[in-house]
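Reader: I would like the terms applied to this model set against their cut-offs. Please take the elements and residues in turn.

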Amino acid sequence: KSDSPKREWSLNDFEIGKPLGKGKFGRVYVAREVKSKYVVALKVLFKKQIKKYKIHHQLKREMEIQTSLRHPNILRLYGWFHDDERIVLILEYAHGGELYGLLRENTHLSEKQTATYILSLAQALAYCHEKHVIHRDIKPENLLLDHEGRLKIADFGWSVQSSSKRRTMCGTLDYLAPEMVENRAHDYAVDNWTLGILCYEFLYGTPPFEAESQRDTFKRITNIDLSFPSSPQVSAESKHLITQLLVKDSSKRLSLQKIMEHPWIMKNADPSG
Ligand SMILES: Cn1ncc2ncnc(NCCc3cnc(NC(=O)Nc4cccc(C(F)(F)F)c4)s3)c21
């Protein structure tokens with residue numbers, strides 16, 4: 001895809017298939033490029049909405065960031081095109097769909113599956129941080145699976161080139177690090193926090209600070225109100241990793257490198273992703 005000459009694509013170049021999901025700003029469809037028969041996902045965004053919510057700069061940033069990222073665990077953005085009313089993102093198609101679906105079907109994942117996904121995420125995030133990109137919105141809905149069950153981080157709609165410390169509020173509640181909840185300056189380490197949240201959620205089926213109201217979730221996050229249920233039975237090493245990530249002081253969180261070298265990850269993760 002990337003070697004083809006930069007010609008303007010249009011919807012006529014694609015046969016549109018079933019809808020894959022709908023976000024706040026648009027729908028995603030599986031589609032096949034007519035000539036090459038190449039299967040992609042098309043995310044259709046409406047210009048009216050982009051203007052209304054003044055998010056065109058965010059979209060521009062996403063495209064700049066995404067087209068520069070090449071990693072086996074990051075969903076490719078091949079390109080985009082627009083007509084009078086729509087902007088369409090041409091995305092790599094993740095045949096396995098949202099990781100969320102797998103989590104819902106199985107209530108919780110095995111330690112091997114969890115360690116494999118956490119390793120893939122740590123590798124993808126280490127790559128992003130090398131490129132000074134903070135994703136900031138890692139949550140199960142943004143994690144997709146390819147045809148081999150390999151994890152792909154998607155939707156860099158909230159990511160930023162981290163030149164300075166970021167102060168904008170974003171992301172959903174359960175995954176927000178304390179410094180974001182308290183609207184303090186935040187940096188790369190927010191993604192490390194989120195790995196702790198996801199590791200807990202994969203193993204137990206629910207995020208650690210879930211609560212009835214937003215206010216209670218905020219309070220549980222800022223107090224690091226973390227407890228491990230007695231079932232399902234989970235290894236001490238995995239709890240050790242989670243406890244070393246869900247640390248209030250962002251400078252004290254386990255680094256991505258240390259996560260990849262953690263005994264529990266080394267013992268349980270499938271290195272082929
Ligand atoms: C569900 N599903 N199942 C299989 C499958 N295969 C591929 N993709 C899927 N889903 C799409 C995943 C996405 C990847 N990149 C995105 N990017 C985005 O949505 N960007 C975006 C949106 C709105 C506003 C802004 C703006 F303006 F604020 F920046 C930016 S969405 C799939």
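Author: Strand S1 (14-22), strand S3 (39-46), helix H2 (56-68), strand S5 (86-92) and strand S6 (97-98) each supply at least two residues of the lining of the largest pocket. The model is predicted, so local features need pLDDT of at least 70 and side-chain atom pairs 80 or more, while totals for chains, interfaces and linings use all residues. Residues are numbered from 1 along each chain, and side-chain values use heavy atoms, without hydrogens and water.

Reader: What makes H2 a helix and S1 a strand?

Author: Both are DSSP runs, numbered from the N terminus: a helix is H or I over at least four residues, a strand E over at least two. H2 spans 56-68 and S1 spans 14-22, and H2 gives the largest share of the lining, four residues.

Reader: How do you know that the structure holds zero disulfides?

Author: A disulfide is a pair of cysteine sulfur atoms within 2.5 Å. The sulfur of Cys199 is 19 Å from the closest cysteine sulfur, in Cys128, and therefore too far for a bond.

Reader: Why is Cys128 called buried?

Author: Buried means under 20% relative accessible area, exposed over 50%, partly exposed in between (1.4 Å probe, protein chains only). Cys128 has 1%, so Cys128 is buried; Cys199 is also buried, at 1%.

Reader: Which residues of helix H3 are buried, and what covers them?

Author: The buried residues of H3 (residues 99-106) are Leu99, Gly101 and Leu103. Their cover, by contact (heavy atoms within 4.5 Å), includes S6, helix H4 (111-130) and helix H6 (189-204).
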